[in-house]
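Work through these exercises with the model open beside you. Each task is followed by a stepwise solution.

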Amino acid sequence: MGAGCSASKVQEPKEPPHPAVSEPWPLKDEAIRVFKLGDADGNGYLDMEELKDMLKNKQFVETAMENMDVNMDGKVSLSEWLIAMKTTFDKSEAACKTAIKAHEKAVVAAKQKREDEAANSMMKEEEEPAS
């Protein structure tokens, strides 16, 4: 390096956020709420297990992950989720509303099932005689 050269990196300009993320749209708040409801571990992403709670069908889960996971990190971020939901919304608001409600219903049912299984497990442990 010569005397006038700098070792600092030139930063690439960042792309602006997708309009689905940065701009309001009628079902955006609902889509965010259902994403957070589905994010069982609260890490800000939907992984395969959490998507399975939302979508049920394993093949559909895999296809959804392939389509939504834009950066291919094996999980769906809120931004990726919003882009997918906004794409559906742009095609049909009714279809988007139906999808969001179906995802919500599936997540609530999966949570209830886990809670019931945990309660049953605890009851069985209490019923077993001490040896």
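**Exercise 1.** What volume does the largest pocket have? Then describe its lining.

*Solution.* The model is predicted.
- Step 1: start with the volume. For the largest pocket it is about 250 Å³.
- Step 2: list the lining. There are 13 residues. Phe 60, Met 68, Ala 84, Met 85 and Thr 88 lie nearest the centre.
- Step 3: place the lining on the fold. α4 (58-68), α5 (78-91) and α6 (93-127) each contribute at least two residues.
- Step 4: sort by class. Eight lining residues are nonpolar and five are polar. None is charged.

**Exercise 2.** Which residues have the most contacts inside the largest nonpolar core, and which helix gives the most to this core?

*Solution.*
- Step 1: find the core. It holds 24 residues, and Trp 25, Leu 51, Met 54 and Trp 81 have the most contacts within it.
- Step 2: trace the helices. At least two core residues come from each of α2 (28-38), α3 (48-55), α4, α5 and α6.
- Step 3: pick the main contributor. α5 gives the most, with five residues.
- Step 4: look around Trp 25. Leaving out residues up to four places away in sequence, Trp 25 touches Ala 20, Ala 31, Leu 82, Met 85, Lys 86, Phe 89 and Cys 96.

**Exercise 3.** Is Met 72 buried or exposed? Check its backbone too.

*Solution.*
- Step 1: locate Met 72. It sits in the loop between α4 and β2 (76-77).
- Step 2: read phi. Met 72 has a positive value of about 55°, yet is not a glycine. Most residues other than glycine have a negative phi.
- Step 3: apply the cut-off. Exposed means over 50% relative accessible area. Met 72 has 73%, so Met 72 is exposed.

Definitions and conventions:
Residues numbered from 1 in each chain as written. Predicted model: local features only at pLDDT ≥ 70, side-chain atom pairs only at ≥ 80, totals over all residues. Heavy atoms only, no water. 1 Å grid on protein atoms, 1.4 Å probe; cavity = no way out; pocket = protein on both sides within 12 Å on 5 of 7 lines; lining within 4 Å. Points joined across faces, edges and corners; volume = space filled by probe spheres on them. Helix = DSSP H or I, 4+ residues; strand = E, 2+ residues; numbered from the N terminus. Nonpolar A, V, L, I, M, F, W, Y, C, P; charged D, E, K, R; others polar. Core = buried A, V, L, I, M, F, W, Y, C linked by side-chain atoms within 4.5 Å. Buried < 20%, exposed > 50% of the residue type's maximum accessible area, 1.4 Å probe, protein only. Contact = heavy atoms within 4.5 Å.
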